[in-house]
Amino acid sequence: MPLHWDDESALVTGGAGFIGSFLVDELLDRGADVVVADDFSRGDLENIEHRMDDVTLRPVDLTTREGCERAVDGVEHVFHLAANVGGIHYIQRENVGGLTPSVLMNQHILEAASRADVDRFLFASSACIYRQEHEELNRFSEDQAIPANPHSTYGWAKILGEVACEAYHEDTDLSTGAVRIFNCYGPRESLDPASSHVIPSLCRKVIEEPDSGTIELFGDGTQERGFIYVTDLVDGLIRAMERKVDGEPVNLGNGSAVVSINDLAETIIDISGKDLSIEHDLSAPTGTDKYAADTSVMRAALDWEPSVSLEEGLERVYEWAETELETKQAAVANGGPTDG
């Protein structure tokens, strides 16, 4: 049943992150009372500082029972976006780092939500639970997650989170759901060359290259992805909270915005107006080859589909990245910090 968000209380874990901060914005705009739980290990206060007077901020450690109990106190609905993807603290223990903190978070937040009589709980899962099956484009449907065989412990943490959500849905009064997110992009993503995803990475390369030059792509550029713009994803998250907390997972992506990395780079170059060529580093890692979401369940269950075209989304990200990099460049010129 659709929720009327006026005066509804909602917790967003990871609410200072890229996706989480856009979700916070939208929930506030719909009239919700919003609590943000974030330890700022990956999230950035800058992402929500424009709404600080409107949110309740709880800087807690969600890998602990006490942190999760503080986070859910007094809320009716939980959007659980927080996760650990490794990073510098796990450089020698990458597999453990991708698994253990997220499993602890998922278990503690579900138990805390159940004990606190939270009404609805939505878990942010990932397309990383699927595994490449054939060389042509893989259109992953929800039933292809089983038998499970993801590439990483991060994917296993998401699978275990889904299993836990289903268990709590069946055994407690907590209504749960899980959304498998496919390749979200938009402003506020990291532009750091060491950690950025493909779209902000390409935008940065094009912006920093002179009007006539070359950018480099990892692999041969024939990899294909289906991308969803962040405001569309947020609409889908809220729609799923309203209509799909039945214990079962659903894909959340844009099945029509499928593009090769070569075409993606060409589009960003066109947006820039520069005369750039593309070179390929065939020795570099390329990730999973070709995949996108089968969105048939999503469209039927949510009565919804994304509306932002890939070109429109890329234009927005390029303009944002240009402004961000200019601002950082000016700060460095004035003796301020840089992200590298």
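Asn183 sits in the loop between β7 (175–181) and β8. This is a predicted model. Asn183 has a positive phi of about 50 degrees, although this residue is not a glycine. The chain around Asn183 holds 9 helices and 15 strands. Three of those helices, α5, α7 and α9, pack against one another in pairs.

**Overall chain**

- The chain has 340 residues and a radius of gyration of 20 Å, which agrees with the value near 20 Å for a compact globule.
- Along its principal axes, the C-alpha trace spans about 60 × 50 × 40 Å.
- Buried residues account for 49% of the 340 residues.
- Take the contacts between residues at least 6 apart in sequence: 79% of them join residues at least 24 apart.

**Asn183 and its surroundings**

- The C-alpha atoms of Asn183 and Ala292 are separated by 8.6 Å. Along the chain, Asn183 and Ala292 lie 109 residues apart.
- Setting aside neighbours within four places in sequence, Asn183 contacts Arg225, Gly226, Phe227, Ile228 and Tyr291.

**Other backbone features in loops**

- Asp303 also has a positive phi, near 50 degrees, and is a residue other than glycine.
- Asp303 lies in the loop between α8 (296–302) and α9.
- Asp303 counts as exposed because its relative accessibility is 53%, and the cut-off for exposed is over 50%.
- Ile146 and Pro147 are joined by a cis peptide bond, with omega about 5 degrees.
- Pro147 belongs to the loop between β6 (138–140) and α4 (153–171).

**Helix α5: buried residues**

- Helix α5 covers residues 198–208.
- Its buried residues are Ile199, Pro200, Leu202, Cys203, Arg204, Val206 and Ile207.
- These buried residues pack against both helices and strands: α7 and α9, together with β8 (184–185), β9 (212–218) and β14 (275–281).
- β8, one of these partners, also bounds the loop that holds Asn183.

**α5 with α7**

- Helix α7 covers residues 261–272.
- α5 and α7 pack at an angle of about 45 degrees, and their axes are 10 Å apart.
- The two helices are therefore oblique to each other.
- The crossing of α5 past α7 is right-handed.
- On the α5 side, the contact uses Val198, Ile199, Leu202, Cys203 and Val206. On the α7 side, it uses Ile261, Leu264, Ala265, Ile268, Ile269 and Ser272.
- By class, the residues of this contact are 10 nonpolar, 1 polar and no charged.

**α5 with α9**

- Helix α9 covers residues 310–333.
- α5 and α9 pack at about 60 degrees, with axes 10 Å apart.
- α5 and α9 are therefore oblique to each other.
- Their crossing is right-handed.
- α5 contributes Ile199, Cys203, Arg204, Val206, Ile207 and Glu208. α9 contributes Leu314, Val317, Tyr318, Ala321, Glu322 and Leu325.
- The residues of this contact divide into 9 nonpolar, no polar and 3 charged.
- Ile199, Cys203 and Val206 of α5 meet α7, and Ile199, Cys203 and Val206 also meet α9.
- Arg204 is among the α5 residues that meet α9, and Arg204 is buried.

**α7 with α9**

- The axes of α7 and α9 come within 10 Å and cross at roughly 60 degrees.
- That makes α7 oblique to α9.
- α7 passes α9 in a right-handed crossing.
- Leu264, Thr267, Ile268, Ile271 and Ser272 of α7 meet Leu310, Glu311, Leu314, Glu315 and Tyr318 of α9.
- The contact has 6 nonpolar, 2 polar and 2 charged residues.
- Leu264, Ile268 and Ser272 of α7 meet α5, and Leu264, Ile268 and Ser272 also meet α9.
- Leu314 and Tyr318 of α9 meet α5, and Leu314 and Tyr318 also meet α7.

Methods
Residues numbered from 1 in each chain as written. Predicted model: local features only at pLDDT ≥ 70, side-chain atom pairs only at ≥ 80, totals over all residues. Heavy atoms only, no water. Axes fitted to C-alpha atoms, helices over the stretch in contact; angles between N-to-C directions. Helix = DSSP H or I, 4+ residues; strand = E, 2+ residues; numbered from the N terminus. Parallel < 35°, antiparallel > 145°, perpendicular 65-115°, else oblique. Left-handed = near helix turned anticlockwise from the far one by under 90°. Contact = heavy atoms within 4.5 Å. Nonpolar A, V, L, I, M, F, W, Y, C, P; charged D, E, K, R; others polar. Rg over C-alpha atoms; globule rule 2.2 N^0.38 Å. Buried < 20%, exposed > 50% of the residue type's maximum accessible area, 1.4 Å probe, protein only.
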